[in-house]
Amino acid sequence: GLIEERMRKYEDALWAGVSTIQSHGGDITRDEWRTFAETLRIDEKYPGISGIGVIHYLEQMDVQSYLAERRIERPDFRIHPEHLDPNLMPISFIEPEATNAAAVGLDVGHELNRRTAALASRDTGNAQITGPIFLVQDAGHTPGFLFYAPFYSGEPADTVSERQDRILGAVYAPFVVRKLMEGLL
């Protein structure tokens, strides 16, 4: 029960991020996201969460303009690793950035559990948790997971097809299971 209650609280933080992005017209800058995350005070209010970030969903034809935009904020920004799946879902920014720097630019489409949950979240319009993964920012390589909440362009989408056509991205939070349990206690 304690875990369910805490996860609902974390989900509320994700939807607050979605609302913030929607209030900025469906996109947000790195500095605006940092202000949001600092105001959220995740270290104090959400013990167990490792950060809160933004993932953008891209089509191949949008990659160059996306990279140009990200490189204004961060000149060395790159999408990694390369993979064959046509879905590109790079992490654009995450706060706190210092402890999550390895995740910036990571394409969550590169790995089955990350990609499956991201696409399920996109298609349902609901928050979604991945299966077990190892987080790139966790030097201890302990079990973890990601939690996604999608955001779209325009009015709320009613069908899977509309959601797939209008997806812009997701607000997400990475969790290290050990840290989550420490936060619960």
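## A tour from the cavity outward

Sort the residues around the largest cavity by class and you get eight nonpolar, one polar and one charged. Before you click any further, keep in mind that the model in your viewer is predicted.

**Stop 1: the cavity**

To see that lining for yourself, select Ile-91, Ala-103, Leu-106, Arg-114, Leu-135, Val-136, Gln-137, Leu-146, Tyr-172 and Pro-174. These residues surround the largest cavity, and the space inside the largest cavity comes to about 50 Å³. How many cavities of 30 Å³ or more are there? The count is one.

**Stop 2: the largest pocket**

Now move to the largest pocket, with a volume of about 520 Å³. A good place to centre the view is on Tyr-57, Leu-58, Glu-59, Asp-62 and Ile-167, which lie nearest the pocket's centre among its 22 lining residues.

Next, colour the elements that build the wall. Helices α4 (63-73), α6 (112-124) and α7 (160-166), along with strand β6 (167-176), each give at least two residues to the lining of the largest pocket. Which of the elements supplies the largest share? That is α4, with four residues.

If you colour the lining of the largest pocket by class, you will find nine nonpolar, six polar and seven charged residues.

**Stop 3: the second largest pocket**

Select Gln-60, Val-63, Ile-79, Pro-81, Glu-82, His-83, Asp-85, Leu-88 and Asp-107. Together they line the second largest pocket, whose volume is about 160 Å³. Its lining divides into four nonpolar, two polar and three charged residues.

**Stop 4: helix α1, end to end**

Turn to residues 2-23, which make up helix α1. Try a ruler on this helix: the C-alpha atoms at its ends are 32 Å apart. That agrees with expectation, because 22 residues at 1.5 Å a residue should span 32 Å.

With α1 still selected, pick out Arg-6, Met-7, Tyr-10, Ala-13, Leu-14, Gly-17, Val-18, Thr-20 and Ile-21, which are buried. Do they sit on the same side of the helix, or on opposite sides? They cover an arc of only 160 degrees around the axis, which puts them on the same side of α1. The spacing of such residues has a simple background: an α-helix has 3.6 residues a turn, so residues three or four places apart point the same way.

Then rotate to the face of α1 turned away from its buried side, where you will meet the exposed residues Glu-4, Glu-5, Asp-12 and Ser-23.

**Stop 5: just past α1**

Step off the end of the helix to Gly-25, just after α1, which takes a positive phi of about 80 degrees. Continue to Asp-27 in the loop between α1 and α2. Is Asp-27 buried or partly exposed? With a relative accessible area of 30%, Asp-27 is partly exposed. Now add Arg-166 to the selection: its C-alpha atom is 13 Å from that of Asp-27, although the two residues are 139 apart along the chain.

**Stop 6: salt bridges around Glu-97**

A search of the whole structure turns up 11 salt bridges, and Glu-97 is a good residue to start from. Show its side chain together with that of Arg-30: the two meet in a salt bridge, 2.8 Å from N to O. This pair links distant parts of the chain, with Glu-97 in helix α5 (residues 97-100) and Arg-30 in helix α2 (residues 30-40), 67 residues apart. Both Glu-97 and Arg-30 are buried.

Add Arg-34 to the view and you will see another salt bridge to Glu-97, at 3.3 Å from N to O. Arg-34 lies in helix α2 and Glu-97 in helix α5, so this pair ties together parts 63 residues apart in sequence. How accessible are these two partners? Glu-97 has a relative accessible area of 15% and is buried, while Arg-34, at 23%, counts as partly exposed.

**Stop 7: Arg-70, then the network**

Select Arg-70 and Glu-69, which form a salt bridge with their closest N and O atoms 3.5 Å apart. Arg-70 is buried, at 2% relative accessible area, whereas Glu-69 is partly exposed, at 36%.

For a last view, show Arg-30, Asp-31, Arg-34, Arg-74, Glu-95 and Glu-97 together: salt bridges that share partners join these residues into one network.

Conventions:
Residues are numbered from 1 along each chain as its sequence is written. This is a predicted model: local features need pLDDT of at least 70, side-chain atom pairs count only at pLDDT 80 or more; totals for chains, interfaces and linings use all residues. Side-chain values use heavy atoms; hydrogens and water are left out. The expected span of a helix is 1.5 Å times one less than its number of residues. Buried means under 20% relative accessible area, exposed over 50%, partly exposed in between (1.4 Å probe, protein chains only). The arc is that of the directions from the helix axis to the C-beta atoms. On a 1 Å grid over the protein atoms alone, a cavity is a set of points where a 1.4 Å probe fits but cannot get out, and a pocket is an open set with protein on both sides within 12 Å along at least five of seven lines; lining residues have an atom within 4 Å of a point. Grid points are joined across faces, edges and corners, and a volume is the space filled by probe spheres set on the points. Ala, Val, Leu, Ile, Met, Phe, Trp, Tyr, Cys and Pro count as nonpolar, Asp, Glu, Lys and Arg as charged, and the others, Gly among them, as polar. A salt bridge is a side-chain nitrogen of Lys or Arg within 4 Å of a carboxyl oxygen of Asp or Glu.
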